[in-house]
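Reader: I am new to this structure and would like to go through it slowly, asking why each term is used. Could you show it to me before we begin?

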Amino acid sequence: MNRFSAYCLRTGFVSSFLALLLSGASMAQMHVMVSIPPQVYFVEQLGGDLVTVESMLPPGGFPHTYEPTPKQMRQLSKATMYVRIHVEFEDAWWEKIAAVNPKMLVVDTLEGIERLESDMHHEQHGDVHDHHDGDPHIWLSPQLVKQQVMTICEGLIRIDPDNAETYRSRQDAFLQQIDTLNQEIQTQLTNLSSRTFLVFHPSWSYFARDYNLEQVAIEVEGKEPSVAEMTQLVTLAKDHNIRVIFVQPQTSRRSAETIARQIGATVEVLDPLAQDWSENMRHVANTLAKTLR
Ligand code: ZN
């Protein structure tokens, strides 16, 4: 040992330098691509500082019709992992997405989940859909999100086994939070005077199933309803004493406003795609509880 390194050791210089190197190595962040903003939240809950996450769908984008930009397609080459959820634009673009970066690990969060039937999503996209028929809005059920979180966690561990313990403990904490959230929503949505709510786009089928509510959609097979269908909806809304019609920021308000005028209801916004998923689920439950009380 020469005099310099002896000096360094004494002062702790080498050990702190080594520590810096090591932490630098383990802090190399994994870049994860997802399709929609709520999935950013899921991956961040699991990965914390170990990951950077980016959504293909930007705020305000509509997952049934979105088209990724050339810039986004180029950025895919930086991704270590892609978390699939099979929303329609993702399925439609999948071959291109996969071709840009054949090396990234593809984690499929439809695994272990059975989708609900959906006329709308079935009819709309002709030859695009294959075995992934059915209602794509699986991120709006806390129960199904637990399944998705476990699948994502396995993917993170596959890429970064050194941090397996961190991912697992973060997973356990998040799953527990979801259980608590689920309980809260359950409690809030008991003892309502009505269980039927009217929406424009049928995003909330899984949520409705989980909490024993009935979602009625204005949109028919992805299109604005006909005059005859509008008349039927007005009758239904009157029968169920509907006072609020829900739209989402990504779709048209026009037919919702027409029906609202005819029955003296108001139009309110519920966002199925907000990134802060837990907070948003709470907000949705609050709003529905207030409306259906
Ligand atoms: Zn949708």
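**Terms and the values behind them**

Author: Of the 293 residues of the chain, 50% count as buried, where buried means under 20% relative accessible area, exposed means over 50%, and partly exposed lies in between, with a 1.4 Å probe and protein chains only. This is a predicted model, in which local features need pLDDT of at least 70 and side-chain atom pairs count only at pLDDT 80 or more, while totals for chains, interfaces and linings use all residues. Residues are numbered from 1 along each chain as its sequence is written, and side-chain values use heavy atoms, with hydrogens and water left out.

Reader: Why is Ser141 called buried?

Author: Ser141 has 0% relative accessibility, and because this is under the 20% limit, Ser141 counts as buried. Ser141 lies in the loop between helix 6 and helix 7, helices being DSSP runs of H or I with at least four residues and strands runs of E with at least two, numbered from the N terminus. Leaving out residues up to four places away in sequence, Ser141 touches Tyr206 and Asp210, a contact being heavy atoms within 4.5 Å.

Reader: What makes Glu257 partly exposed, and where is Glu257 placed?

Author: The relative accessible area of Glu257 is 31%, which is neither under 20% nor over 50%, and therefore Glu257 is partly exposed. Glu257 has its place in helix 11, residues 254-263.

Reader: How do you know that helix 3 is largely enclosed by the rest of the structure?

Author: In helix 3, residues 37-47, 9 of the 11 residues are buried, so the helix is largely enclosed by the rest of the structure. Among these buried residues are Pro37, Tyr41, Phe42 and Leu46. The buried residues of helix 3 pack against strand 1 (30-34), strand 2, strand 3 (81-84), helix 7, helix 8 (164-188) and helix 12 (277-292).

Reader: What makes the phi values of Glu221 and Asn241 worth pointing out?

Author: Most residues other than glycine have a negative phi. Glu221, which is not a glycine, has a positive phi of about 50°, and Asn241, also a residue other than glycine, has a positive phi near 55°. Glu221 is found in the loop between strand 6 (214-217) and helix 10 (227-239), and at 34% relative accessibility Glu221 counts as partly exposed. Asn241 is placed in the loop between helix 10 and strand 7 (244-247), and because its relative accessibility of 54% is over 50%, Asn241 counts as exposed.

Reader: Which residues coordinate the zinc ion, and how do you know that they are donors?

Author: The zinc ion is coordinated by the NE2 atoms of His64, His137 and His201, at 1.9 to 2.1 Å. Donors are N, O and S atoms within 2.8 Å of the metal (3.2 Å for Na, K and Ca), so these nitrogen atoms meet the rule, although water is not among the atoms and sites may look incomplete. Along the chain, the donors follow the spacing H-x72-H-x63-H. Two of them link distant parts of the chain, with His137 in the loop between helix 6 (119-124) and helix 7 (142-159) and His201 in the loop between strand 5 (196-199) and helix 9 (205-210), 64 residues apart. Both His137 and His201 are buried.

Reader: Why is the space lined by Val199, Phe200, His201, Trp204, Phe246, Val247, Gln248 and Leu270 called a cavity?

Author: On a 1 Å grid over the protein atoms alone, a cavity is a set of points where a 1.4 Å probe fits but cannot get out, whereas a pocket is an open set with protein on both sides within 12 Å along at least five of seven lines, and lining residues have an atom within 4 Å of a point. Those residues line the second largest cavity, which has a volume of about 30 Å³, a volume being the space filled by probe spheres set on grid points that are joined across faces, edges and corners. The count comes to 2 cavities of 30 Å³ or more.

Reader: How much space lies in the second largest pocket, and which residues lie nearest its centre?

Author: About 200 Å³ of space lies in the second largest pocket, and of the 16 residues that line this pocket, Pro37, Ser55, Leu57, Pro58 and Pro59 lie nearest its centre.
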